[in-house]
Amino acid sequence: MRTVDGRRRLLRFVRAAEPPALAAYCRTVGTSPSTTTVQLEHLERDLRGQLLICGQ
């Protein structure tokens, strides 16, 4: 990651991947799932690949 924002997005991904669900991560850090999803989409764009497979 070449930028500070890129490193932040990567850190968010690592943290979001740890709990059993994205919603649990969002509750833990006090953010909304939609905000976190947008940040993860930015990271996927930066890395040019899919990082998570989201279920229903």
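## A three-helix chain, helix by helix

Let's start with helix α1, which runs over residues 4–17: its 14 residues reach 20 Å from first C-alpha to last, close to the 20 Å expected at 1.5 Å a residue. That expected span is 1.5 Å times one less than the number of residues in the helix. Helices here are DSSP runs of H or I with at least four residues, strands are runs of E with at least two, and both are numbered from the N terminus.

Bear in mind that this is a predicted model, where local features need pLDDT of at least 70 and side-chain atom pairs count only at pLDDT 80 or more, while totals for chains, interfaces and linings use all residues. Numbering starts from 1 along each chain as its sequence is written, and side-chain values use heavy atoms, with hydrogens and water left out.

**The whole chain**

The protein chain has three helices and zero strands, so the pattern along the sequence reads α-α-α. Of its 56 residues, 18% count as buried. Buried means under 20% relative accessible area, exposed means over 50%, and partly exposed is in between, using a 1.4 Å probe and protein chains only. The accessible surface comes to about 4,300 Å², and carbon and sulfur atoms hold 52% of that. These areas come from the Shrake-Rupley method with a 1.4 Å probe, and for residues only the protein chains shown count as cover.

Contact means heavy atoms within 4.5 Å. Among the contacts in the chain with a separation of 6 or more, 44% are between residues 24 or more positions apart.

**Which residues are buried?**

Back to α1: its buried residues are Gly6, Arg9, Phe13 and Ala16. They cover an arc of only 90 degrees around the axis, which puts them on the same side of α1. The arc is taken from the directions that lead from the helix axis to the C-beta atoms. In general, an α-helix has 3.6 residues a turn, so residues three or four places apart point the same way. The buried residues of α1 pack against α2 (22–29) and α3.

In α2, the buried residues are Ala24, Tyr25 and Cys26, and their cover includes α1 and α3. Tyr25 counts as buried at 7% relative accessibility. The C-alpha atoms of Tyr25 and Arg15 are separated by 7.2 Å, although the two residues sit 10 residues apart along the chain. Just after α2, Gly30 takes a positive phi of about 75 degrees.

Helix α3 has 15 residues and reaches 21 Å from its first C-alpha to its last, close to the 21 Å expected at 1.5 Å a residue. Its buried residues are Thr36, Leu40 and Leu43. They cover an arc of only 55 degrees around the axis, which puts them on the same side of α3. On the other side of α3, Ser34 and Arg45 are exposed. The cover over the buried residues of α3 includes α1 and α2.

**How α1 meets α3**

Two packed helices are described by the angle between their axes and the distance between the axes. For α1 and α3, the angle is about 115 degrees and the axes are 9 Å apart. The axes are lines fitted to C-alpha atoms, for helices over the stretch in contact, and angles run from 0 to 180 degrees between N-to-C directions. On the α1 side, the contact is made by Gly6, Arg9, Leu10, Arg12 and Phe13, and on the α3 side by Gln39, Leu40, His42, Leu43 and Asp46.

Arg9 also turns up in another pairing: Glu41 and Arg9 are 32 residues apart in sequence and 9.3 Å apart in space, C-alpha to C-alpha.

**A few single residues**

Which residues does Thr36 touch beyond its neighbours within four places in sequence? Thr36 is in contact with Leu22, Tyr25, Cys26 and Thr31. Arg48, in the segment after α3, has a positive phi of about 55 degrees although it is not a glycine.

Here is how four residues compare in place and accessibility:

| Residue | Place | Relative accessible area |
|---|---|---|
| Thr36 | helix α3 | 3%, buried |
| Tyr25 | helix α2 | 7%, buried |
| Glu41 | helix α3 | 45%, partly exposed |
| Arg48 | segment after α3 | 78%, exposed |
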